[in-house]
Amino acid sequence: MIDRRLSNSTRQALPASVAVPGYDRNRVVPGIVHLGVGAFHRAHQAAYVDDCLMAGEMNWGIVGVSLRSADTRDALAPQDGLYTLAVRSSDSESLRVVGSILSMLVAPEDPGAVLAALTDPRTSIVTLTITEKAYLRVAGGGLDTAHPDIAHDLANPQMPRTAHGFLAESLARRRAAGIQPFTVLCCDNLPANGATLHRLLVEFAALRGTDLARHIADEVAFPSSMVDRIVPATTDADRARIAGQLGVEDAWPVMTEPFCQWVIEDDFPAGRPAWERFGVTVVGDVGPFEDMKLRLLNGSHSAIAYLGLLCGHETVDRAFTDPAIRQFVDGLWAEAIPTLPPDAGLDTTDYTAQLAERYSNTALAHRTAQIANDGSQKLPQRIVASAMERMSAGAPPAYLMLVVAAWIAACEARGKSLPESHFTDPLDLALAALDTRHLSADEAVAAVFDLAGFAKGGAERLTLIDLAAAHLERLRQGGVAAAFTALGIASE
């Protein structure tokens, strides 16, 4: 049993094969506050910031904030914020210790400390990876003003619970103190994520007062961004393997793949790191890149997750080696690619080839159940938007709508062929009350479309429901093999 932890005092004794921060962490100034310090942030944005610190840009240290759990803080605090990033391919693994997270705050324990960090004049950028559901939107896309946490934050602006509450209150305090607003950089998988968060925050601020809403609308920058890196959940076996290689314990190393992408709109009035020196793509409009990622990567990821679960595949690489699922993914891409802008310079052939290679990475063991979470929040931008555009162009979205049906079927399978809580969704209580298993396929799909707000107001809605219902009926009667057969895909 290793009795030492990774920390500032032990990092210099690590094996030479392990990359460690080559800068003096005591000289790093916090310039970024990050809301939602999960594994993805630590494998992505924090690693890019670490690159900048290594190059001498010492004003961009990260103050990490958890809006819910203390787990990450409790793991990293004894390690001085250090953690191991393990970059794994099918045949190799490289280890890197990341030092860009200077401190960790847990919002429910001390919201005042979080507001102080956000109000600190040195804070120039606030980044977010809080997952789609944490933006608290209703089915139509607006702010869920009836949500109890929104009501709490409006009544108690000094003790917020939500990202909206923290951002609005800190921006109000900065304005009152004559401090320039920070730039808000959303890194979640939302369509036009910067503009979407801007709209939601203005809507929230308007409930506090028109002056604050006008200030946020006119004076605060919300560049959109697109992020991409596969980050599976860390297992106890990962921890044991990493500890063996380090010679010290790391309570929460992060596993990831070699591929990493970040595309950012260049709108940072308060300044930013020189991220482009380390592979970040800085553009005027992130939209085409975002659409390609959402529809080709995220869309196929959801497809692999739900079809994989229904076929008994626990990980992405195992599902992707199933010839029928592999053929289905090609068909899904063939439907989604024509919905992307043809004049944006996107190389979809190279992109999908990279995706195929990434999905085949046997070292990641990315669990299908992990990807399956929150389908009602993810499928609108990953699948339904493409399907609606195909319908508008007069083309059938047969493959796309099988993904929606597979999500419903996977939800129905929980407690039967799948464990009860194998994956979760914000609509679980409503789905349980509806109990789609006792409705006909037509009734079940129509009810789920209503609950999730899929294609709301779209002329294509009824046709999409019919297509998904036909798929769901086949899944119920003959499983995935029957649904594939209807698409001309042979299952072994």
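Reader: Where is the place of aspartate 374?

Author: In this predicted model, aspartate 374 sits in the loop that runs between α14 (368-372) and α15 (375-392).

Reader: Is aspartate 374 buried or exposed, and which residues does aspartate 374 touch?

Author: Aspartate 374 has a relative accessible area of 7%, and because buried means under 20% relative accessible area, this loop residue counts as buried. Once residues up to four places away in sequence are set aside, aspartate 374 touches Lys133, Thr424, Asp425 and Pro426.

Reader: How should I read the packing of two helices, and at what angle do helix α6 and helix α8 pack?

Author: Two packed helices are described by the angle between their axes and by the distance between the axes. Here helix α6 (residues 163-177) and helix α8 (residues 210-219) pack at an angle of about 90°, and their axes are 11 Å apart. Since angles of 65 to 115 degrees count as roughly perpendicular, α6 is described as roughly perpendicular to α8.

Reader: Which residues make the contact of α6 with α8, and how many of them are nonpolar, polar and charged?

Author: On the side of α6 the contact is made by Ala168, Leu171, Ala172 and Arg175, while α8 brings Asp211, Leu212, His215 and Ile216. The residues of this contact divide into 5 nonpolar, 1 polar and 2 charged.

Reader: Turning to the interior, which residues of the largest nonpolar core touch the most other members?

Author: The largest nonpolar core has 71 residues, and those that touch the most other members are Phe328, Tyr359, Phe449 and Phe484. Helix α16 (residues 398-413) gives the most to this core, with 14 residues. There is also a second, separate core of 36 residues, which includes Val63, Leu118, Ile150 and Ile216; Ile216 was named above on the α8 side of the contact with α6.

Reader: Which residues does tyrosine 359 touch?

Author: Leaving out residues up to four places away in sequence, tyrosine 359 touches Ile230, Leu296, Leu297, Ser300, His301, Ile304, Val316, Asp317, Phe320 and Trp333. Helix α13 (residues 348-359) also holds glutamate 357, which, at 63% relative accessibility, counts as exposed.

Reader: How many aromatic pairs does a search of the whole structure find, and why is the pair of phenylalanine 268 and tryptophan 275 given the name it has?

Author: The search finds 9 aromatic pairs. For phenylalanine 268 and tryptophan 275, the ring centres are 6.1 Å apart and the planes stand at 70°, so the pair is edge-to-face; the reasoning rests on the cut-off that planes over 60 degrees apart count as edge-to-face. Phenylalanine 268 counts as buried at 10% relative accessibility, and tryptophan 275 counts as buried at 1%. Both belong to a cluster in which ring pairs link Tyr48, Trp262, Phe268 and Trp275.

Reader: What should I make of the backbone angle phi, and what is the phi of threonine 131?

Author: Most residues other than glycine have a negative phi. Threonine 131, although not a glycine, has a positive phi of about 75°; this residue is placed in the loop between β6 (125-128) and α5 (148-155) and is partly exposed, with a relative accessible area of 29%. Alanine 192 likewise has a positive phi, near 45°, and is found in the loop between β7 (183-186) and α7 (193-206), where at 34% relative accessibility alanine 192 counts as partly exposed.

Reader: How do I read separation in sequence beside separation in space, and how far apart are the C-alpha atoms of leucine 487 and tyrosine 399?

Author: The two values are given side by side for a chosen pair. Leucine 487 and tyrosine 399 are 88 residues apart along the chain, and their C-alpha atoms are separated by 7.7 Å. Leucine 487 lies in the segment after α19 (461-486) and is buried, with a relative accessible area of 17%. Apart from its neighbours within four places in sequence, leucine 487 is in contact with Phe328, Ala398, Tyr399, Leu402 and His471, and Phe328 is one of the core residues that touch the most other members.

Reader: Which helix holds leucine 434, and how far apart in space are leucine 434 and alanine 205?

Author: Leucine 434 lies in helix α17 (residues 428-434), and from C-alpha to C-alpha leucine 434 and alanine 205 are 35 Å apart in space, with their positions 229 residues apart in sequence. Leucine 434 counts as partly exposed at 27% relative accessibility and touches Leu439, Ala447, Val448 and Leu451, not counting residues up to four places away in sequence.

Conventions:
Residues numbered from 1 in each chain as written. Predicted model: local features only at pLDDT ≥ 70, side-chain atom pairs only at ≥ 80, totals over all residues. Heavy atoms only, no water. Axes fitted to C-alpha atoms, helices over the stretch in contact; angles between N-to-C directions. Helix = DSSP H or I, 4+ residues; strand = E, 2+ residues; numbered from the N terminus. Parallel < 35°, antiparallel > 145°, perpendicular 65-115°, else oblique. Contact = heavy atoms within 4.5 Å. Nonpolar A, V, L, I, M, F, W, Y, C, P; charged D, E, K, R; others polar. Core = buried A, V, L, I, M, F, W, Y, C linked by side-chain atoms within 4.5 Å. Buried < 20%, exposed > 50% of the residue type's maximum accessible area, 1.4 Å probe, protein only. Phe/Tyr/Trp six-rings, centres within 6.5 Å; stacked < 30°, edge-to-face > 60°.
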